[in-house]
Amino acid sequence: MKIATFSANITPPVGTCIAGYGLHDVTVVKHDELMLKGIFFDDNGKKALLISYDLIGMDSEVVCKIRTQCAEIIGGTQADVMLSCTHTHGGPHTRFHHLLNGRDDESTQMVIDRTVEAVKAVKAEDFIEGDWSYYTAHCPVNINRRYVGPENRCKMLFRNCELEPIGDGFKDDELGVLLFQDKQGNPQEVLVNFAAHPLASHSPGIGGHALTADYPGLLRKYLEETIGGHITFVSGAAGDQFPRDAQIGFQSLDNIARPLANESVRAVVNMRANPARFKMPDAHLQTMIKKFTVNVDYCQNPRQLPRYKSNGEYELELQFLSIGDICFVGVPCELLAELGMEIKWHSPFRKAFICYNSTDYIDYILPANALLAGGYEAECQQFDARTGLKLVNAAVEGMFEMKNNQMICDWR
């Protein structure tokens, strides 16, 4: 396989309103740059893109615009262009907000334009031939922000900080790392997957009014300084996952970025030391989009989005990009970690990694029982209680379809 990498700065000017909390949180400072980081795959003529954005999320309309224009450039289909957002709260409103009745059109168009420019700028001589390796480790630097007591009622830790020491909710602390090395063994791309809201730095005052990529940006910086090459971060199912010491300011960024960087470097060391275990020399590329229909009628949501409420059904998309033994699953909305792990547990691939806020943004999707427990995410879900199960089933079926398309299926 050959790959080329690309990046682009997508930072709006200071004074832009940032998404995630208040509608009109106007930025007063730029702490660090927002970036898009992309990988251009070429597997014997089969081409695909994986692009990660330092953004809170993008609606399906925006996703489709980017995928369509990029697919035309690479000579493929929308299925060959997978997008994912880190979900930083220090970026612009690039997804529809019910109170704004829209999005930040200027920032959104800038993101679209710079994506297309970056993809067009990739030349034939930029591609490097090499091999992929994969590795996973556990890095317990995240927590579940939902505390559910014995009566099955949820309290949010960010509203009840005194409960944080006894918070025992489910965590997905799996760190996934993919390494692409050229034929001389030089690292050219490190792709990192981890599930935690980029909300380490958000705090009262300046911290909540700053343009920032949060910990993914600092993690990339550490790895670029240590390993070199191109670094891409893709968020996992982080719907209920917070960094430890979240929302206390920029000084807390290091508490999550440095351990993740250390484990990522250790992963690279192990992959290079044990190629027989972790290298995928015949890693072939596959892509697919799968659609499924859900019901827009969950009655507990006090702020149902008007544009979906008028229609009793809504079509959601899942996207799949597999590289040999690894499958990336692009999910819509903000998926709770429990649903992300269900997808991982039932994967027919050696490892599956979730790409957060990938195909659409319509708030949260929870397991049915978590809706009964309540909490912030339950207040936000737009769909009925079976949606989480439908999504997991559709994701697993999609992965099996992808796996069955491979010429060799090794279950050992």
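User: Hi, new here. At what angle do helix α3 and helix α4 pack, and how far apart are their axes?
Analyst: Helix α3 (residues 215-226) and helix α4 (residues 253-273) pack at about 40 degrees, and their axes are 9 Å apart. Axes here are lines fitted to C-alpha atoms, for helices over the stretch in contact, and angles run from 0 to 180 degrees between N-to-C directions. That makes α3 oblique to α4; angles under 35 degrees count as roughly parallel, over 145 as roughly antiparallel, 65 to 115 as roughly perpendicular and the rest as oblique.

User: Before we go on, what kind of model is this?
Analyst: This is a predicted model, where local features need pLDDT of at least 70, side-chain atom pairs count only at pLDDT 80 or more, and totals for chains, interfaces and linings use all residues. Residues are numbered from 1 along each chain as its sequence is written, and side-chain values use heavy atoms, with hydrogens and water left out.

User: And where do names like α3 come from?
Analyst: Helices (H or I, at least four residues) and strands (E, at least two) are DSSP runs, numbered from the N terminus.

User: Back to that pair. Is the crossing of α3 and α4 left-handed or right-handed?
Analyst: Right-handed, as α3 passes α4. The rule is that a crossing is left-handed if the near helix is turned anticlockwise from the far one by less than a right angle, and right-handed if clockwise.

User: Which residues meet there?
Analyst: From α3 you have Y215, L218, L219, Y222, L223 and T226. They meet L253, D254, I256, A257, R258, L260, A261, S264 and V265 in α4. Contact means heavy atoms within 4.5 Å. The residues of this α3 contact with α4 divide into 11 nonpolar, 2 polar and 2 charged. For those classes, Ala, Val, Leu, Ile, Met, Phe, Trp, Tyr, Cys and Pro count as nonpolar, Asp, Glu, Lys and Arg as charged, and the others, Gly among them, as polar.

User: What about α1 and α2, at what angle do they pack?
Analyst: Helix α1 (residues 60-74) and helix α2 (residues 105-120) pack at about 15 degrees, with axes 10 Å apart. α1 and α2 are therefore roughly parallel to each other. Their crossing is right-handed. On the α1 side the contact is made by V62, K65, I66, Q69, C70, I73 and I74, and on the α2 side by T108, I112, T115, V116, V119 and K120. The split for α1 with α2 is 8 nonpolar, 3 polar and 2 charged.

User: New topic: how many disulfides are there?
Analyst: The structure holds 0 disulfides, a disulfide being a pair of cysteine sulfur atoms within 2.5 Å. For C139, the nearest cysteine sulfur belongs to C355 and is 19 Å away. For C154, the nearest is that of C380, 12 Å away.

User: Are C139 and C154 buried or exposed?
Analyst: C139 counts as buried at 4% relative accessibility, and C154 counts as buried at 14%. Buried means under 20% relative accessible area, exposed over 50%, partly exposed in between (1.4 Å probe, protein chains only).

User: Which residue in the loop between β20 and β21 has a positive phi?
Analyst: That's C333, with phi near 65 degrees in a residue other than glycine. C333 lies in the loop between β20 (326-330) and β21 (334-335), and counts as buried at 0% relative accessibility. Q247 also has a positive phi, about 60 degrees, although it is not a glycine. Q247 sits in the loop between β16 (241-243) and α4.

User: Let's do strands. Where is S322, and what does S322 touch?
Analyst: S322 is in strand β19 (residues 313-323). Not counting residues up to four places away in sequence, S322 touches H284, L285, Q286, C327, F349 and M402. I323 is found in β19 too, and is buried with a relative accessible area of 0%. Leaving out residues up to four places away in sequence, the contacts of I323 include M1, F41, W132 and L178.

User: Last one: how far is Y135 from S264 in space?
Analyst: Y135 and S264 are 9.0 Å apart, C-alpha to C-alpha, and 129 residues apart in sequence. Y135 is found in strand β8 (residues 128-138) and counts as buried at 18% relative accessibility.
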